[in-house]
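Grab a pencil and work through these short exercises. Each one comes with a solution to check yourself against.

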Amino acid sequence: MAGWRPATLLLFLLGFLFLSDASMHLSGQRLRSRLQRDRRHIRPNIILILTDDQDIELGSMLAMNKTKRIMIQGGTHFSNAFSTTPMCCPSRSSILTGKYVHNHHTYTNNENCSSPSWQAHHEPHTFAVHLNNSGYRTAFFGKYLNEYNGSYVPPGWREWVALVKNSRFYNYTLCRNGVREKHGMEYSKDYLTDLITNNSINYFRMSKRLSPHRPVMMVLSHVAPHGPEDAAPQYSTAFPNASQHITPSYNYAPNPDKHWILRYTGPMKPVHMQFTNLLQRRRLQTLLSVDDSVEKIYNMLVEMGELDNTYIIYMSDHGYHIGQFGLVKGKSMPYEFDIRVPFYIRGPNVEAGAINSHIVLNVDLAPTLLDVAGVDIPVDMDGKSILKLLDTERPINRFQFNKKGKVWRDSFLVERGKLLHKLSDVKEEMQENALPKYQRVRDLCQKAEYQTPCEQPGQKWQCMEDPSGMLRLYKCKSMAGLYAPHAQDQISGNAQLYQRGSPSQHCDCEPAVPFKRKKMLTKRKLKPKKSLSRNRWARALPPHLDSIVYTLDLEEGYRPITPKNISHTLERKQATYEGNEEFSGMEPTDNNLILPAALKVTYRCSILINDTVKCDGGLYKSLQAWKDHKLHIEHEIETLQTKIKNLREVKSHLKKVRPKECECNHKIYQYKNISLRLKSEHMHSLRLVSKDKKQWLLKEQKRRKKLRKMLKRLRNNDTCSMPGLTCFTHNNQHWQTAPFWTMGPFCACTSANNNTYWCLRTINDTHNFLFCEFATGFLEYFDLNTDPYQLINAVGSLDRNALNYMHLQLMKLRSCKGQKQCSPDTGPKEQNNFNDYRPLHRRKRPRTKKPSSKSMGQIWEGWVG
């Protein structure tokens with residue numbers, strides 16, 4: 001027995017080890033399968049706190065001590081966080097979809113903002129849909145999109161309490177899970193910031209009570225500090241001396257080296273500067289309620305024991321400016337104060353008290369939330385998850401000799417506006433064969449029809465040389481061209497066009513109304529021709545007025561003006577700033593300009609029948625008055641164009657409902673009427689075939705909205721709004737809560753319709769610059785290492801190779817799709833010091849055909865800087 005005991009013991013030990021190993025293997029498999037099966041129950045909660053129009057460059061975070069303590073001391077601050085489009089609806093659409101504006105097509109706060117196209121193609125693919133499908137309890141509270149009308153609940157949200165339309169603190173309407181809910185002016189029940197906070201806390205508690213292990217994702221979308229900047233009553237006296245907005249670029253105007261709106265904008269007047277101080281104060285006061293909201297959310301998570309399993313993200317949709325470059329207030333500029341945003345994150349495995357300098361964009365939020373939840377990131381998202389930037393550095397083991405630095409982007413796109421054409425569809429051969437604009441103009445000027453002066457009947461264009469020697473096409477604006485066809489028609493006996501209304505030719509089959517017909521025909525006879533210029537007038541000024549003055553009336557055509565129409569009751573106002581008098585083109589003058597039997601076409605200018613114009617002396621002395629009056633004329637032209645368009649619609653309607661003609665004696669007009677009717681019907685059918693019905697409806701809706709705004713301005717005698725400019729009027733009744741504005745009404749313009757741009761923003765170890773191409777052809781370049789406030793446009797210091805290189809980089813980003821194209825990685829060792837002004841990438845780019853010097857010249861033909 002002693003002989004077999006060791007062998008038996010050995011076999012027993014081997015069997016025990018085998019069985020224990022097998023049981024451990026099976027238990028490990030069961031554990032992994034159970035973890036995979038219950039993965040959704042252990043995933044972290046996500047709370048996104050989003051503010052509206054909150055800057056970081058003007059010191060708004062200095063007022064939020066509670067948020068800084070919770071988010072900065074307890075989490076990570078991304079010091080280089082940006083919005084790719086500094087406008088509300090485009091940026092929020094990018095946050096929801098993880099895409100650049102040129103991929104989700106929400107270009108402005110109106111165009112495609114919560115439109116049927118957005119609802120059909122992009123809203124079903126937001127991060128909320130993916131998280132909801134993966135098992136998260138999703139909830140949204142607050143402002144959604146500017147044009148959201150509250151008629152539906154977007155997909156992906158289990159709890160939906162969203163603001164209808166744009167930001168308000170009181171007197172707003174909510175869509176609560178599909179049911180409209182109106183609110184008034186009572187602070188305890190209606191103040192939106194507090195309502196968002198209380199509703200979100202109640203929903204989180206209820207969700208954890210019903211499903212303790214199910215993760216929750218909530219969005220708290222506050223309207224602060226967006227206008228109307230209504231603070232809670234307890235904070236209405238805070239920050240009496242707020243001045244954080246006064247930066248080196250404050251009231252730095254005019255800026256002749258920047259794009260059009262900044263060249264047009266002059267220094268602010270004292271009333272504007274007083275307004276900016278009060279505006280900054282009110283904005284900071286609204287943020288105090290958001291500061292309280294962050295603290296309440298934090299305390300709730302601590303109380304429920306969910307803090308260590310919850311990611312909290314705090315950010316804004318874009319920045320803001322208050323007085324920078326003379327712009328009283330607003331956003332939508334490509335500069336730091338508008339594109340930089342606060343961005344903080346805390347949660348599991350996030351280093352506390354850290355500052356991360358990597359570039360983070362609003363398009364990164366959606367893929368980051370999906371990565372946190374363990375959901376696959378769609379390939380069509382342009383942003384990338386920032387989780388790998390939050391990993392704490394692990395110690396290097398003994399087998400790892402060369403530790404690589406983190407690879408991340410160093411450049412991104414800032415865009416505002418619409419691509420005029422698809423750049424990817426243009427072939428290189430077509431680009432090389434395409435003639436630049438100056439060459440096309442030169443070829444047109446070879447034609448005889450453009451070489452004669454604007455004196456021929458019906459001539460519309462004339463080719464002339466500008467002061468620099470370049471050939472340009474100018475529209476003929478001669479009054480002779482208006483009268484010559486009309487006079488020739490009368491001389492040649494073309495009055496037969498009106499024979500139909502004469503008593504001798506009229507058919508007696510149905511009762512006639514000779515008096516009314518005669519009156520209508522008189523108006524038609526005096527109707528001006530279509531050659532009336534729609535642009536600003538450029539005429540030679542005579543030394544004196546010695547002819548009859550004519551004025552334009554839509555119904556009675558050009559008619560002589562008599563002295564009885566002259567009004568001398570208008571009083572001229574004076575605007576004094578820094579001791580100098582300025583003429584305002586929007587205000588009447590009292591210059592005693594005596595016109596012989598004349599009436600002014602505008603209140604400052606008169607036009608004679610001999611094709612001359614005379615204005616009062618103020619327009620010739622003040623550049624600002626000249627600009628203002630030119631804008632006033634364009635405003636009047638736009639009004640007349642709208643009226644003409646409406647008349648054409650009525651005319652088209654009358655053609656459709658025209659009663660049948662009598663069958664007697666109409667041979668004279670039969671051929672003409674049939675040909676015109678066939679032509680109009682043919683053109684109408686072509687238009688219906690060429691236009692999609694939905695697209696036509698959208699355009700019609702946009703046109704009618706524009707018409708309503710125009711009519712409203714005319715009814716209210718609004719002289720602030722000008723064509724092509726975004727202006728606002730502020731008065732003592734604008735703010736309904738303290739502190740109040742008491743300095744009376746004023747007008748200011750904040751942006752322009754041609755403020756469309758595409759910019760390349762680069763930040764790395766050696767370079768920090770902004771390069772912009774505007775739709776007008778203007779170029780801007782700022783080296784933020786030497787000019788952090790973008791005061792001087794340094795595009796003139798760049799050589800042609802650097803310009804072309806940055807242009808090509810920008811063109812790639814303008815047409816990029818997906819993470820690989822839109823968020824290329826660049827590591828520390830891959831940076832290049834090839835040029836002091838170039839973006840620094842040394843990645844292997846695909847081989848492309850090297851552009852010739854001729855094609856390089858064509859790329860930049862027309863660009864100015």
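**Exercise 1.** Which residue forms a salt bridge with Arg282?

First, the ground rules: this is a predicted model, where local features need pLDDT of at least 70, side-chain atom pairs count only at pLDDT 80 or more, and totals for chains, interfaces and linings use all residues. Residues are numbered from 1 along each chain as its sequence is written, and side-chain values use heavy atoms, leaving out hydrogens and water.

Step 1: recall that a salt bridge puts a side-chain nitrogen of Lys or Arg within 4 Å of a carboxyl oxygen of Asp or Glu. Step 2: the partner is Asp230, with the closest N and O atoms 3.0 Å apart. Step 3: find both ends, with Asp230 in the loop between strand 7 (216–221) and helix 10 (260–264), and Arg282 in helix 11 (residues 270–304), 52 residues apart. (Helices, H or I with at least four residues, and strands, E with at least two, are DSSP runs numbered from the N terminus.)

**Exercise 2.** Is Asp230 buried or exposed?

Step 1: buried means under 20% relative accessible area, exposed over 50%, and partly exposed in between (1.4 Å probe, protein chains only). Step 2: Asp230 has 7%, so Asp230 is buried. Step 3: its partner Arg282 is buried too, at 0%.

**Exercise 3.** Which residues are linked with Lys143 in a network of salt bridges?

Step 1: start with Lys143 and Asp52, whose side chains meet at 2.6 Å, N to O. Step 2: add Arg92 and Asp317 to complete the network. Step 3: check burial, and you get 0% for Lys143 and 0% for Asp52.
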